[in-house]
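Me: I should like to study the structure shown below through a series of questions.
Reply: Please put them one at a time, with the model in view.

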Amino acid sequence: MQSTAPLEQPALIGKYRWTICMLLFFATTINYLDRQVLSLLKPALELEFGWSNTDYANIASVFQFTYAVSMLFAGRIIDRLGTKSGYSWAIIIWSLAAMVHALAIPIGQSIVSLIAWVGIGAVSVSVAGFMFSRALLGIGEAGNFPAAIKATAEYFPKKERSLTTGIFNSGTTVGAILAPLTVPWIAVKWGWEAAFLGIGALGFIWLFFWLYAYEKPEKQKRLTEAERNYINEGQSVQTTELKYSSIPWFKLLGYRQTWAFAFGKFMTDGVWWFFLFWLPAYLNDQYQMTGTAIMLPLAILYSMTMFGSIGGGWFPMYFIKRGFEPYDGRMKAMLLIAIIPLVVLAAQPLGQVSYWMPVLLIGIGASAHQAWSANIFTTVSDMFPAKAVGSVVGIGGMAGGLGGVLVTKLGGAIFDHYKSLGKIETGYTIMFAICSIAYLVAWTVMKWLVPRYKPVTDL
């Protein structure tokens with residue numbers, strides 16, 4: 001039904017829920033700061049340790065694989081522990097793991113000695129150490145989005161969830177902006193180890209505010225009764241019912257809604273991770289830009305994605321206010337969003353003019369991804385009761401992580417192949433083409449699986 005409530009109503013009944021949204025935003029910012037440090041240091045580490053593109057792809061894909069598998073369990077663990085405790089443990093683990101990267105070489109030496117003792121062939125010390133560190137980071141970081149989406153389901157009515165998700169999801173953009181502005185400078189001044197230690201420590205500052213400010217809405221003393229009622233407005237499951245319920249994964253996999261979300265994540269998460277993990281390498285490979293030279297182009301590129309994240313969260317409200325069910329309005333918006341990444345097809349041809357052309361075009365494509373991401377996450381809380389949201393997000397996150405592994409490994413192999421031929425630009429052309437069409441493929445399959453709004457009511 002179309003809402004007849006005035007737009008200013010939420011401001012009159014209280015706004016503590018937006019404090020929670022900002023905490024989710026800052027956690028997501030730190031999450032992406034931590035995961036991007038390696039990609040920004042890749043040119044320097046590549047020179048220091050003699051990595052190939054395949055070596056780097058192997059290190060990056062270990063993160064994505066452990067992230068993918070952990071996402072499946074993270075949603076279930078957060079459903080069991082509750083949002084407050086689950087999020088706390090997630091950021092503790094990933095912050096410690098981010099700092100452990102500084103010890104990658106001694107860790108790698110221990111791993112190489114161990115596997116040599118059991119008779120396994122030689123492995124590069126640096127690759128082994130960074131793979132171990134990335135695996136730990138993937139385990140911890142897997143908790144961010146299941147916890148954030150669950151907190152959104154607890155603290156926001158359905159009509160505000162896509163906007164809320166867009167706002168906190170813009171933390172991925174802010175993290176991506178801040179990383180190139182800080183990491184290269186820290187590395188030049190104090191060394192690459194200091195970059196991992198300094199950025200990793202930020203999570204513990206956030207943890208203090210989270211433990212102080214968060215509580216379930218029904219127990220939250222800072223909420224007015226009017227805001228508590230507003231939060232519960234239109235929800236099929238009230239916040240007082242958001243207890244852990246052991247819903248079997250196989251039961252969740254029996255719903256087409258689960259598969260729609262999982263396929264959408266599988267097809268598109270790898271695109272964002274490709275942009276995140278490979279763009280510093282792209283500027284180095286094709287334009288010979290290293291160190292602090294990449295700071296401004298990447299900061300501008302990722303700044304553009306902020307508009308997509310917040311604008312994408314708002315976009316479905318245009319259709320919802322005209323009488324569409326939330327899911328149906330969201331899918332209409334997502335179709336238009338899925339068309340935008342096609343502009344990335346022009347990045348390589350126009351890149352001959354200036355490196356700013358691919359930077360701006362990829363920025364538009366990455367911005368569309370953030371708009372897409374804000375909406376695909378919210379389709380879960382549109383169709384599933386809140387007690388199952390964490391588990392379904394975990395299943396989709398695992399699918400997205402596996403898609404990311406595929407894209408990263410494919411990219412590493414393609415880049416090494418074409419670099420050996422002296423045509424590295426052809427490798428990037430192929431990968432940009434894959435990234436461009438992924439969203440239309442994802443939307444088509446999602447729409448086929450769930451043609452219209454059909455909430456799950458029997459869990």
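Me: By about how many helical turns are E46 and K42 separated?
Reply: Helices (H or I, at least four residues) and strands (E, at least two) are DSSP runs, numbered from the N terminus. E46 and K42 both belong to helix α2 and are four residues apart, so the separation is about one helical turn.

Me: What kind of model is this, and from which number are the residues counted?
Reply: This is a predicted model: local features need pLDDT of at least 70, side-chain atom pairs count only at pLDDT 80 or more, and totals for chains, interfaces and linings use all residues. Side-chain values use heavy atoms, with hydrogens and water left out, and the residues along each chain, as its sequence is written, are numbered from 1.

Me: At what distance do the side chains of E46 and K42 meet?
Reply: These side chains form a salt bridge (a side-chain nitrogen of Lys or Arg within 4 Å of a carboxyl oxygen of Asp or Glu). K42 has a relative accessibility of 2% and E46 has one of 13%, so both are buried (under 20% relative accessible area; exposed is over 50%, partly exposed in between; 1.4 Å probe, protein chains only). From N to O, the E46 and K42 side chains meet at 3.1 Å.

Me: How many residues apart are R17 and E227?
Reply: The side chains of R17 and E227 meet in a salt bridge of 2.9 Å, N to O. R17 is in helix α2 (residues 16-49) and E227 in helix α11 (residues 225-232), so that the pair links distant parts of the chain. R17 is buried at 0% relative accessibility, and E227 is buried at 1%. Along the chain, R17 and E227 are apart by 210 residues.

Me: Is E225 buried or partly exposed?
Reply: E225 forms a salt bridge with R228, whose closest N and O atoms are 3.4 Å apart. Both residues lie in helix α11, three residues apart, about one turn of the helix. R228 is buried, with a relative accessible area of 15%. E225, because its relative accessibility is 49%, counts as partly exposed.

Me: How many salt bridges does the structure hold?
Reply: Among them are the pair of R17 and E227, the pair of E46 and K42 and the pair of R228 and E225. The number of salt bridges in the structure is seven.

Me: How many aromatic pairs does a search of the whole structure find?
Reply: Rings of Phe, Tyr and Trp (its six-membered ring) pair if their centres lie within 6.5 Å; planes under 30 degrees apart count as stacked, over 60 as edge-to-face and the rest as tilted. Across the whole structure, the number of aromatic pairs found is 39.

Me: What arrangement do the rings of W185 and W190 have?
Reply: A pair of aromatic rings is described by the distance of the centres and the angle of the planes. W185 is partly exposed at 46% relative accessible area, whereas W190 is exposed at 55%. Their ring centres are 5.4 Å apart and the planes stand at 90 degrees, so the arrangement is edge-to-face.

Me: How far apart in sequence are the parts that W278 and F415 tie together?
Reply: The rings of W278 and F415 have centres 5.0 Å apart and planes at 65 degrees, so this pair is edge-to-face. Both residues are buried. Because W278 lies in helix α13 (residues 256-287) and F415 in helix α18, the parts tied together are apart in sequence by 137 residues.

Me: Which residues form one aromatic cluster with W278 and F415?
Reply: The ring pair of W278 and F415 belongs to a wider group, a single aromatic cluster. The residues that join W278 and F415 there are Y56, F274, F275, Y282, Y287, Y355, W356, Y428 and F432.

Me: Where does Q288 lie?
Reply: Q288 has a positive phi of about 55 degrees although it is not a glycine. With a relative accessible area of 60%, Q288 is exposed. Its place is the loop between α13 and α14.

Me: How far apart in space are I92 and G140?
Reply: I92 is in helix α4 and is partly exposed, with a relative accessible area of 22%. In sequence, I92 and G140 are 48 residues apart. In space, C-alpha to C-alpha, the distance between I92 and G140 is 7.6 Å.

Me: What is the distance in space between A299 and S367?
Reply: A299 lies in helix α14 (residues 295-320) and, at 7% relative accessibility, counts as buried. A299 and S367 are 68 residues apart in sequence. The distance from C-alpha to C-alpha is 13 Å.
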